Amino acid sequence: MSRDVASLVDTLAEIVGPGHVRTALPERVTYAKDGLPTHRRVPGVVVLPGSRDEVIAVVRLLGALGMPFVPRGAGTGLSGGALADGDAVLIVLTRLNRILKIDARNRLAVVEPGVVNIRLSAAAAPHGLQYTPDPSSQTACTIGGNVAENAGGPHCLKYGVTATHVLALEVALADGRVVELGSPGGEPWGPDLVGLFVGSEGNFGVATRITVRLLPVARAVRTLLADFTSLRTAGEAVSAVIASGIVPAALEMMDQSCIRAVEDSVYAAGYPRDAAAVLLAELDGGHEVAVAADAETIESVLRAHGARSVRVAADAQERERLWLGRKKAFGAMGRLSRDLVVQDAVVPRSTLPDVLETIARIAAEYGLTVSNVFHAGDGNLHPNISFDGRTPGLRERVEAASAEIMATCIAAGGTITGEHGIGLDKLRYMPLLFDGDSLAAMRAVRRVWDPDERVNPGKVVPVHACREWAGTRNAERGTRNARGNARSDFRVATSGLDT
Amino acid sequence: MSLLDRVRALLGDEAVEVAATPDGVPRVAPASPDAVALLLGTAREEGWRVRIEGAGSWLPADAPADLALTTRRLDKIPAIEPQDLSATAEAGIGCDLLRQQLADRGTWLALDPPGLAGRTVGSIVATATAGPLRQGFGPVRDHLLGVTFVTGDGRLVHSGGRVVKNVAGYDLTRLEAGAFGAFGVIVLVHLRLRALPRADQTLALEGSREDLTQVAEDIAAAGIQPAAHELMSPALARRERWLLAVRFAGSAALVAAEEAGLRAATGGRFAALRADEGHSLWMRAAESFATRPVAFRIGGLPDSSDELLDLLQHQVGDEWISASPAIGAIRWGGDATIDRLKRVRRTLAGLEVPLTLERAPWPVRSAVGHFGAYREGVGPLVAGLRRTFDPGEAFVVAAEAAE
């Protein structure tokens, strides 16, 4: 360890305590990946502050040193977004896990960024309230990570993604200055900087305090499982449900490969194994009679559009079982192969039937197993590629197939990510979606918040594809994407483990 | 070459309306997003100061400028996709025309902004002026899938897209919504639609403000979730007393159940309005704000609504008020001096409540600013964003009070 690094580590330890700075390689390696297995970076130093003040002090220190850093929550992300290189400090926020306030009268909560998503709903439940964004990883992922990625989840179809629910933020900027964005009532102080911050993937600073909206827990719920003998018919039924004018709380689809993986696992939910696809639809609301009527309408729509059968969960236990299968589908797919790439793209809902067929064709052409489990009501696809990364040449095939799937979604009028973010994984697709001026605008906005591009460097905007922009041209150094303008003479050896 | 000759050479004779504005500022109406980019690129080179206009029915067309850029000829609706519940519209299309075309396709944009029916979509997005339906369907930003805008130096920037979920890149769409044009001229928007509600029922109750405030609390406590839930001042509602109007929209079963719930929670005091009465009530209230010289909105917490109404009554009067007590949003209309407006903003800021000036003559806008009383650290960010999107300060927008 060089003198520079030793000095940094000592100062960090003074701020957060020696037990909360990780420098040993085996410790740092545990932070080398997120939920996506295809990217791996070993951070130079890992620091785990325990309070807002410690976060600000750490960020100020790194700002004074001009060092890059990466904020990270629970590391459940699926885009390589919270990985740090050897020359960067990883700031892990999981110790900031306090729910600071639940204001039931005004239906809001104030939390620290490391609060686990599901804990907030549990804490709000005694007040008859809930925090509605429910990513599949909600038992582990943090609200801070959700804010960074603008996370979604099945019930975002009706209730909206994270951005809909964030009212105000306290943010530590790259140099440690603290800014307050938004207001508890949701009206911004000026332009909507909360809306801009949410989904910025950590590039604009570290959220140290988050105010979110809570909604009443639905008093009535109906969960329906419809099964189909073809994927196309199931896709067509999705459009029919949306066009019915009734917005389900959730409308999820699983294909046969996924159904069988779930049914072979401990999460077996009773999905029909011979179905080409199932749709899981949930209706909820404040009135039993209205929800029951809407559920009947949706059942009729599903039957009229090719459902072989429609099963309505008889009780809460059955509903939970049906949902457990869906929520644990990614885990169940771990049975299919050693590695799993969870993809994320969105298409116009009416194109689902065609796009699903094209994805199946791409999978066949590349000889890969692709399972689909996704938020059909939003057109938010998750084609998941199961593979064994040890097989020579297979990773390249997975990459090539992923690229074709992304191109297919863009050609259908869609986008390359609906909730997982760009991170490292989707960087190369950004120029397919945005022209040079639009990418340059994003980069210029980022530099307003972080002039040296030190916070989570190398993510979201592919610098090489940006057209020149006033204000950035003089600072441009032609650096590779992973750097920005941050100092880069700090690097901790990783014994060749970096990929 | 004069400014007008230069513009004619760039965009053609038909793009220029000479002396069409009351203050004699030449009005230029580009017919495409590219033409807007060309014009603003030239404005940057020439140092022209540009004011942005839509239909001219909301913000007065009175900012001092070298030319007025109107989006009126950007009036196409390139796509309405009922199956996807999305639409793409150019910024200069009037809301009334868009609404009609959407209805023809069985779809609905769940926004009821203040102002005249022909307000442009671009104006509504740029000012983020949502109406009572924000209670059930959210603020303007929640209805946007993407925008295309042109910066002050003539760059065409695309943000978001046509699909209902999208986290590719930073959310410049939300930044543009409510920026009053400080970060660019919005030329195209992608909208999230809803299916036309099968049932749409408005119920109303007249009474004292105190009584109706209590009723509003009872409604919220009963878990009733209306599409709109608005407390209107007598002048705004054109009634003798204050009016609490509740609107339900959705499936017939839902609306019937909510209506029954409302009657149960309030002792059956509400009167159901006929469809035409309900439509007329909401439309007249929206239009009333276009007849007052000044309008602003404030966003507090639900439990402070009554206190905020008292404060407004005391400082600027309460003749023209529309409040959503369940979400703490209040719109005020009327006339007020610069000093009074500044004072009410300062007072509200002390209560952690932002005030956004939505509409006022230029002398008031420039002295008060659409925004003000920024929280810690926000001012430098806003200034940086303005330099980023308008490096030559071409746009005449009173984002903040003039120094």
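**Helices, domains and chains: what the labels rest on**

Tutor: In this predicted model, α7(B) and α9(B) are oblique to each other.

Student: What makes them oblique?

Tutor: Look at the angle: the axes of α7(B), residues 209-221, and α9(B) cross at roughly 125° and come within 9 Å. Roughly perpendicular covers 65 to 115 degrees and roughly antiparallel needs over 145, so an angle between those two classes falls to the rest, called oblique.

Student: And which hand does the crossing of α7(B) and α9(B) have?

Tutor: That crossing is right-handed. The label means that the near helix is turned clockwise from the far one by less than a right angle.

Student: Which residues make the contact?

Tutor: From α7(B) there are Val215(B), Asp218(B) and Ile219(B), and from α9(B) there are Leu262(B), Ala265(B) and Thr266(B). By class, that gives four nonpolar, one polar and one charged. Val, Ile, Leu and Ala count as nonpolar and Asp as charged, and Thr is among the others, so Thr counts as polar.

Student: Over in chain A, why is α14(A) called roughly antiparallel to α15(A)?

Tutor: Helix α14 of chain A (residues 352-366) and helix α15 of chain A (residues 394-411) have axes that cross at roughly 160° and come within 10 Å. The cut-off is over 145, so α14(A) comes out roughly antiparallel to α15(A).

Student: Which residues do the touching in α14(A) and α15(A)?

Tutor: On the α14(A) side you'll find Val355(A), Thr358(A), Ile359(A), Ile362(A), Ala363(A) and Tyr366(A). The α15(A) side has Arg397(A), Ala400(A), Ala401(A), Glu404(A), Ile405(A), Thr408(A) and Cys409(A). They split into nine nonpolar, two polar and two charged. Tyr and Cys go with the nonpolar class, while Arg and Glu are the charged types here. As for the hand, α14(A) passes α15(A) in a right-handed crossing.

Student: Zooming out, how do you know that chain B is as compact as a globular protein of that length?

Tutor: Chain B has 14 helices and 19 strands. Its radius of gyration is 21 Å, and the globule rule gives 22 Å for 403 residues; the two values are close, so chain B is as compact as a globular protein of that length. Along the principal axes, its C-alpha atoms fill a box of roughly 70 × 50 × 40 Å.

Student: What are the domains of chain B?

Tutor: The domain assignment gives domain 1 (79-195) and domain 2 (199-292 + 294-359). The C-alpha centres of domain 1 of chain B and domain 2 of chain B lie 24 Å apart. Their contact takes 14 residues from domain 1 of chain B and 19 residues from domain 2 of chain B. On the domain 1 side, the largest share comes from helix α5 of chain B (residues 134-137), with four residues. That side has six nonpolar, six polar and two charged residues.

Student: How many residues does the contact between chain B and chain A take from each?

Tutor: Chain B gives 70 residues and chain A gives 77 residues. Elements with two or more residues on the chain B side include α6 (172-176), α9 (252-266) and α14 (378-389) of chain B. What puts α14(B) at the top is its seven residues, the most given to that side. By class, the chain B side has 33 nonpolar, 19 polar and 18 charged residues.

Definitions and conventions. Residues numbered from 1 in each chain as written. Chains lettered and ligands numbered in written order. Predicted model: local features only at pLDDT ≥ 70, side-chain atom pairs only at ≥ 80, totals over all residues. Domains from an automatic or database assignment. Contact = placed C-beta atoms within 7 Å. Axes fitted to C-alpha atoms, helices over the stretch in contact; angles between N-to-C directions. Parallel < 35°, antiparallel > 145°, perpendicular 65-115°, else oblique. Rg over C-alpha atoms; globule rule 2.2 N^0.38 Å.
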